[in-house]
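Dear colleague,

I am handing over the structure below, together with some notes on one part of it. Please look through it first, and then read on.

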Amino acid sequence: MEVRQIILVTDGKSNIGGNPVTVAMEAKRENIVVNAIGIMDKSCCDDDSLCEVEKIAQAGGGVWENTMIQNLGQTMHMVTQKTVNKTIETIVGKQLKEIVGGDLSDIPPKVRSKVIDYMDQLGEEVSMKCCILMDCSGSMKNKISTARQSIIELMNSLNGRKGKSEVAVIAYPGENGEFTALISDFTQNIKELKEKIFGLKTGGTTPTAAAINRGISLMKGEKDEELEDMILNSEPLLNKSMV
C-alpha cells in the first residue's frame with residue numbers, strides 16, 4: 001500500500017493554463033489525493049483565492065488549509081497526516097463493511113480497540129509519496145525563503161516515520177515561459193533536496209492547473225516512461241562514423 005498525495009501551495013488564484021478544479025478531479029480518478037494550502041497575507045485576504053483552494057481540495061479528495069507563511073511547514077505536515085489517516089480509515093472502513101456489514105461502531109469495543117491500534121500502526125508504516133507544488137509567481141517573492149525552509153521542515157518530520165516517505169518538488173511557473181519546472185524528483189535524501197530547492201525562483205503568472213497536471217505525470221512516472229519510449233523508438237542519433 002502506498003499513499004500518493006499532492007500538496008498545492010499558493011498565495012493567489014490561478015490566472016493562466018486551464019481550470020485547476022477539473023485537473024484535481026482527474027488526479028482523484030488516478031487515486032492521487034490533492035491537498036491545497038492557501039497562504040494569507042497580514043494586510044489582506046483574497047476571498048476568490050481562498051475559495052479556489054477549497055474547491056481544488058474538494059475536487060481532489062483532499063483537505064485544505066489557509067495559513068500564514070511562517071506556519072507553512074507545520075501546515076504541510078498536518079495535511080499530510082490527515083491524508084494518511086483519511087486514506088487508511090477509508091480502506092479499513094470498506095473492508096469492515098465487507099466483513100461485518102458495518103463500520104467501527106458496529107463491532108465489540110475490545111475488537112474495535114485492536115482495529116484502531118492497527119490503523120495507528122499502519123499510519124506510521126505505510127509508504128508515502130508527496131509531491132509539493134510550490135507557487136513561485138511574483139507575489140511569492142518575499143515568502144519563498146520561508147517556503148524553502150518549510151519544505152525541509154516537512155521532510156524532517158516525515159523522516160521520523162517508520163514507513164518510506166519520498167518528497168518531490170515542482171515550481172510553478174517555471175523559467176523562460178514554461179508553466180512548470182521540476183525542482184526535485186522523488187527523494188528521501190534531505191541533503192539532496194536542500195541543495196535543489198534553492199532552484200525555486202519567483203516571478204510570473206500562476207498556472208495552477210498545469211502544476212497539478214505535472215504532479216500527476218510525475219506521480220505516475222510518465223516522464224521516465226516517455227523518455228524510455230523515446231530511446232527505444234527513435235532513429236539513431238549517432239552513427240559509427242561519428243564516434
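The cover over the buried residues of helix H1 includes strand E2, helix H2 (47–59) and helix H7 (208–220). Please keep in mind that this is a predicted model, and that the notes below stay with H1 and the strands around it.

The residues concerned in H1, which spans residues 20–29, are Pro-20, Val-23, Ala-24 and Ala-27, and these are buried. Viewed down the axis of H1, its buried residues fall within an arc of 105 degrees, so they line one face of the helix.

The two ends of the helix also have features that can be described. At the start of H1, the backbone nitrogen of Val-21 has a side-chain oxygen of Asn-19 within 2.9 Å, while just after H1 the residue Asn-31 adopts a positive phi of about 60 degrees.

Turning to the strands, E1 (residues 2–10) is mostly covered, with 8 of its 9 residues buried. E1 pairs with strand E2 (residues 33–40) in the parallel sense over 6 bridges, and within that pairing Leu-8 has Ala-36 of E2 as its bridge partner. Between these two strands the chain passes from E1 through H1 to E2, forming a β-α-β crossover that is right-handed. E1 is also joined to strand E4 (residues 127–135) by 8 bridges, and these strands, too, run parallel; here the bridge partner of Gln-5 is Cys-130 in E4.

With kind regards

Note on methods
Residues numbered from 1 in each chain as written. Predicted model: local features only at pLDDT ≥ 70, side-chain atom pairs only at ≥ 80, totals over all residues. Heavy atoms only, no water. Buried < 20%, exposed > 50% of the residue type's maximum accessible area, 1.4 Å probe, protein only. Helix = DSSP H or I, 4+ residues; strand = E, 2+ residues; numbered from the N terminus. Pairing = 2+ DSSP bridges. Right-handed = clockwise from strand over helix to strand, strands pointing away. Arc of directions from axis to C-beta. Contact = heavy atoms within 4.5 Å. Polar contact = N/O pair within 3.5 Å; in protein donor to acceptor, adjacent residues only side chain to side chain.
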